[in-house]
Amino acid sequence: MVLAKGALTSKTSGEGEIRKALIEAGLIDCIVNLPAKLFLNTQIPAALWFLSRNRTNGSFRNRSGEILFIDARNLGHLINRRTRELSNGSENPEDNDIGRIASTYHNWRNPDGEYTDVAGFCASVPVERVKELDYVLTPGRYVGLPDEEEDFNFKERFTALRAELEEQLKEEARLNEIIAANLAKIKVNE
């Protein structure tokens, strides 16, 4: 199913109860959070919901008791101001957006798949964890931050940004003095 991103968290109009029932019944296999501007008729971000009635069948790995979350919000590229496109078509599925999402799901689902959680992109989460978070299905809550963002040091970054701002303010003051001096040299014919 393709639903608005709000359906992952909303509790209005019984949506929270519907989500809870789907999770309790073990029907939700995978949630993919898509980027905004992907559809021509709406700017809102959407999510793909993969449902499966029999998650214990012999064709695939037993996935009962877990849900795969894929956060694809940062994938794709703008083709114009209003429209984003996911890349497709490379021979190696990992080299394009659609292939990366599809191969992640298939590797997770298949018994011989080579799936591993990727910080900031995908995580296989026990249903119990989803219940602890009040049946909210937003992938960002479960996949975490990419590895390079986990090392973020706020104090260090703030200090660097503050020093940069102070330098820019000094440069602004210097340029304002030059502008004022040049304006003073201009003679106005009265």
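The largest nonpolar core in this predicted model has 19 residues, and the ones that touch the most other members are I23, I28, W49, I67, F69, V130 and L137. Quite a few elements chip in: α1, β2, β3, β4, β7 (122–126), α3 and α4 (139–143) each give two or more residues to this core. A second core, of 15 residues, lies apart from the 19-residue one, with V32, L34, Y115 and C122 among its members.

L137 is worth a closer look. Setting aside neighbours within four places in sequence, L137 is in contact with L8, R19, I23, I28, I31, W49, I67, F69, V130 and Y142. Several of those partners, including I23, I28 and W49, also turn up in the list of core residues that touch the most other members.

Then there is helix α1, which spans residues 15–24 and has G16, R19, L22 and I23 as its buried residues. These four sit on the same side of α1, because they cover an arc of only 125 degrees around the axis. As for what lies over them, the cover includes β2 (28–33), β3 (46–51), β4 (66–71) and α3 (127–132). Just past the helix comes G26, with a positive phi near 70 degrees.

On confidence, the protein chain has a mean pLDDT of 85, with 93% of its residues at 70 or more. Among the elements, β4 has the highest mean pLDDT, at 93, while helix α5 (residues 147–150) has the lowest, at 56. Where pLDDT is low, the predicted coordinates should not be read in detail.

Notes
Residues numbered from 1 in each chain as written. Predicted model: local features only at pLDDT ≥ 70, side-chain atom pairs only at ≥ 80, totals over all residues. Heavy atoms only, no water. Buried < 20%, exposed > 50% of the residue type's maximum accessible area, 1.4 Å probe, protein only. Arc of directions from axis to C-beta. Contact = heavy atoms within 4.5 Å. Core = buried A, V, L, I, M, F, W, Y, C linked by side-chain atoms within 4.5 Å. pLDDT = per-residue confidence, 0-100.
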